[in-house]
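Open the model in your viewer and colour it by chain. The tour goes one chain at a time and ends at an interface.

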Amino acid sequence: MSAVSTSPAIERGTATSRIAAIAVAVIIALLAIAPHFLSAGAVDRMTALFIYVILAAMWNALAGFGGLVSVGQQVFFGLSAYFAIRLADAGLNPFLALFASGLIVGAVSWPLSLFMLRLRNGEFAIGMWVIAALTHLLVNLDRLVQGETGTSLISLNAYDAGARRAAIYWLALASMTALLAILFGLLRGSTGAAIRAIRDNEDAAASVGVRVTGTKRLLFVLAAFGIGIAGALWLATSITFQPKTYFNVQWTAYMIFMVLVGGIGTFEGAILGALVFFLIETWFGGTGVWYLVGLGATAVLFSLFLPRGLWGTIEERFGLRLLPVGYRVRFPATADGDATPSPQQTTPYREKA
Amino acid sequence: MSLLSVEDLVVRHGLLQAVRGVSFTIERGETLALVGANGAGKTTLLRAIAGAHQPAAGRVLLDGADLTSVPSHKRVGMGIALVPEGRKLFVQMTVEENLLLGKTAGRPGDWNVDKVLEMFPNLKPRRHAKTGHLSGGEQQATAIGRALMSNPEVLLLDEVSLGLSPLIVDRVYAALQGLIASGTTIILVEQDLNRALAVSDRVICMLEGRVALEGPSKAVSREDVTKAYFGLHRKSPGSVPA
Amino acid sequence: MSNQIIQGILLGGYYALIACGLSFMFSVMRIINLAHGSLAVFAAFALWWLASRFHISPFVGLLIVLPLMAAIGWALQRFLLERSARGGALLPILTTFGLAIVIDNLLFEQFGADTRSLAPYIGSLSYDSWEWPGSIYVGKLAVIMFAAAVILLGGLQLFLTRTRLGRSIRATSEDPDTAGLVGVDAHRANAIAASIAMVTVGLAGAFLGMRATFDPYAGAPQLLFAFEAAVIGGAGSLWGTLIGGIVLALAQTLGAQVHPQGFLIGGHVAFLIVLFIRLSTSGLGLRGLLRLPTRKPT
């Protein structure tokens, strides 16, 4: 690439990112028609993948961009499934109930955020876990749920199995696409600058007038809503609702694994992490407990040795950016500068989002 | 052999070079004053000697032994004690506890809590008070006492008069005079030029991370130091550009 | 009713035991160890294994398990926490959470899903009780547990204030940078603190096994209890932890009175109420909650 001007250029998209944008559109279109070609089992697995992507992206929004590590996100997953059961029991169309419950969970998370966002770091993490444990216990008290025995989204059985499967697949695909688009839009917009400022240095961001709490609250509510949608979709695929399964901290463990491996604080990383998790689950899920040991150990190793995750490392090494949510400064090659990075060097690409 | 020698020391704070190739030596029993404007690199230099900053290049030698890979707590054991800028006391702990912490390295010597209280009588009634509740002068006395408790060979004093009233500064310096008389080797950073020249044997003036002037305190004029302080010496012929 | 209150207070001793290691580690290293509960359960399993396999009484077994826990604490700090704490405040949360998953599932792999208890190996102690005036029966084990908590907290307090090592640990927790400049090896002080914390975790695990049952996934609730007791009590003083434990236990007791499933709910609700009150009066985050001094910027 030629760099004639001597002043650094500021750019958003790159050639790669423009190709990536087209690729994303093609992939979504292909995914949309996929149920016509895939087996029933494959459709179910793909639905699970979409849900994982939602979970990873939402936890990443909270932790990677908002600096809020929660180990209690299963509360929104379980609560949304529970609300869907309740709404369907009250006579609402089950498909409508799925979305209504996601919205309710998002609404519930707002007052919760007023309280929880005053905690920091580890306190917030375990505080959320306490909330999840308490919510689980309270849901168990509902007679409809019958304690740990659980119940089912029976009204969904009224639909033909094949049509239901495809409908849930499309719902999951649409939800994933919409949630990713919302997040992408947020990160690219003016909120995105605030988010990155908070991620890099919260106190400094506050001192230059960034609305720290408001921005964090937005991410908290978005994550709650997204994970709520994921929980409702999971209920739709599995029909049965056992509180123990839905309020299990394992959901958060999966989210953490996906984001840590993929690359915390990078938009693409969460998606990559979900893909990796999906493949590992497909190949090793059958090994039961060793699979879980492996997930935990991988998370520990990544946090110690590769805290930027796969995508973060790739991005740093190659300056690659598929879905650019930030800006970057490109230094022109100058004659005198031995210290001036050449375009191949990636050191100037410091911004991480 | 010099007690302490600093050779081509370079210390960076991220991209900023705070100390850029500083060299000097100090003999046993000598008192060296470091002067220079804010940001000249004095504090960073002292902290690097004490082991709180890793140098990017260069060495610090104590009695000929290279200290580069020696962590700060071990340097205390080897005889280097720093009274940090801003005193940095453990405010949740009492005067006595702060002083006792100075003994952690376990160097033999005759400094103990009673001797420090002897030197700073104003601390006597505050012995069991938390240092967070002390006045500035009392805090400074505790910080110096804490460093002395390690029986140092070299005492590094970083702006000990900062934020104190002139009366208290006189008291602190009176106490220091006793130390100097007893033969303790001292490097002190001091903003008050007159005081720095009066108390020291030799003076180094730093400018933008480099040594701009070095000489015996009796021989250099106030004017020379002032020039070096502001970088005016560069224009005069004969002087070495830093 | 007074009987239940006394039982509740004694149970608070257990919560204080499990909480003191967590708040000790937080106050020294500013790390909340999410593997805390899992490590307590690990200690319980180790004692159970020694007892069932080699017929070693759990009390004797502590002579093996507590040094082991100290070694684990040392290694944990040196190889995991120290490294991950360099990456910021959030990373240790993820590291220790991953560790908890590893420990839980390895325990499951090794010992299966069955619930275990140390009660069969401590003879009549698990059900013996003393009769107090007013026909109140208190379990001997519960009293021992409470006494152990008081002794442990008192001992820890003395250690921190009266010994050179204790002072070094306090200095490190206040300002690790300056601690190094006065001659304290901050790495060593932190590793020793982690060892001490893990010894208390081992002790808590022993009492968990003796007073109740446990299974490989019992770590999570223990972590939550520890966290709740520490926050309710305020970790600034170790005695606050005891009060926190008692409040938690009493709230659980009260919850159980209100509803058959209200035991745990009562505890969580009490925790949230205390949290809410503190946040609305202080608003300083947990540092304010625990009444810890803010660490000086380094």
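**Stop 1: chain A**

Select chain A, which has 14 helices and four strands. Keep in mind throughout that this is a predicted model. Chain A is 353 residues long, and 45% of them count as buried. Now look at its contacts between residues at least 6 apart in sequence: 79% of these join residues at least 24 apart.

**Stop 2: chain C**

Hide chain A and show chain C. Here you find 12 helices and four strands. Turn the C-alpha trace along its principal axes; chain C spans about 60 × 50 × 35 Å. How does its radius of gyration fit a compact globule? Chain C has 19 Å, which agrees with the value near 19 Å expected for a compact globule because the chain has 298 residues. Buried residues make up 57% of those 298. In chain C, 72% of the contacts between residues at least 6 apart in sequence join residues at least 24 apart.

**Stop 3: the sheet of chain B**

Move to chain B and select its strands S2, S1, S4 and S5. In that order the four strands form an open sheet, and the pairing is antiparallel. Which strands stand at the edges? They are S2 (16-26) and S5 (65-66) of chain B. Each has a single partner strand, so one side of each is left without a neighbour in the sheet. Strands of a sheet pair through backbone hydrogen bonds.

Zoom in on the S5 edge. Strand S4 (residues 57-62) of chain B pairs with S5(B) in the antiparallel sense over two bridges. Pick Leu62(B): opposite stands Ala65(B), in S5(B).

**Stop 4: a helix across the sheet**

Add residues 42-50 of chain B, which form helix H1. Helix H1(B) lies across three strands of chain B: S1 (4-13), S2 and S4. Sight along S2(B); H1(B) runs at about 65° to that strand.

**Stop 5: where chain B meets chain C**

Show chains B and C together. How many residues of chain B are in contact with chain C? There are 21, and they touch 16 residues of chain C. On the chain B side, select helix H2 (72-78) and helix H3 (95-101); these are the elements that give two or more residues to the contact with chain C. H2(B) supplies the largest share of that side, four residues. Finish by colouring the chain B side by class: 11 residues are nonpolar, seven polar and three charged.

Note on methods: Residues are numbered from 1 along each chain as its sequence is written. Chains are lettered from A and ligands numbered from 1 in the order in which they are written. This is a predicted model: local features need pLDDT of at least 70, side-chain atom pairs count only at pLDDT 80 or more; totals for chains, interfaces and linings use all residues. Two residues are in contact if their C-beta atoms, placed from the backbone, lie within 7 Å. Ala, Val, Leu, Ile, Met, Phe, Trp, Tyr, Cys and Pro count as nonpolar, Asp, Glu, Lys and Arg as charged, and the others, Gly among them, as polar. A residue is buried if 20 or more other C-beta atoms lie within 10 Å of its own, exposed if 12 or fewer, and partly exposed in between; C-beta atoms are placed from the backbone. The radius of gyration is taken over C-alpha atoms; the globule rule is 2.2 Å times the number of residues to the power 0.38. Two strands pair if DSSP finds at least two bridges between them. Axes are lines fitted to C-alpha atoms, for helices over the stretch in contact, and angles run from 0 to 180 degrees between N-to-C directions.
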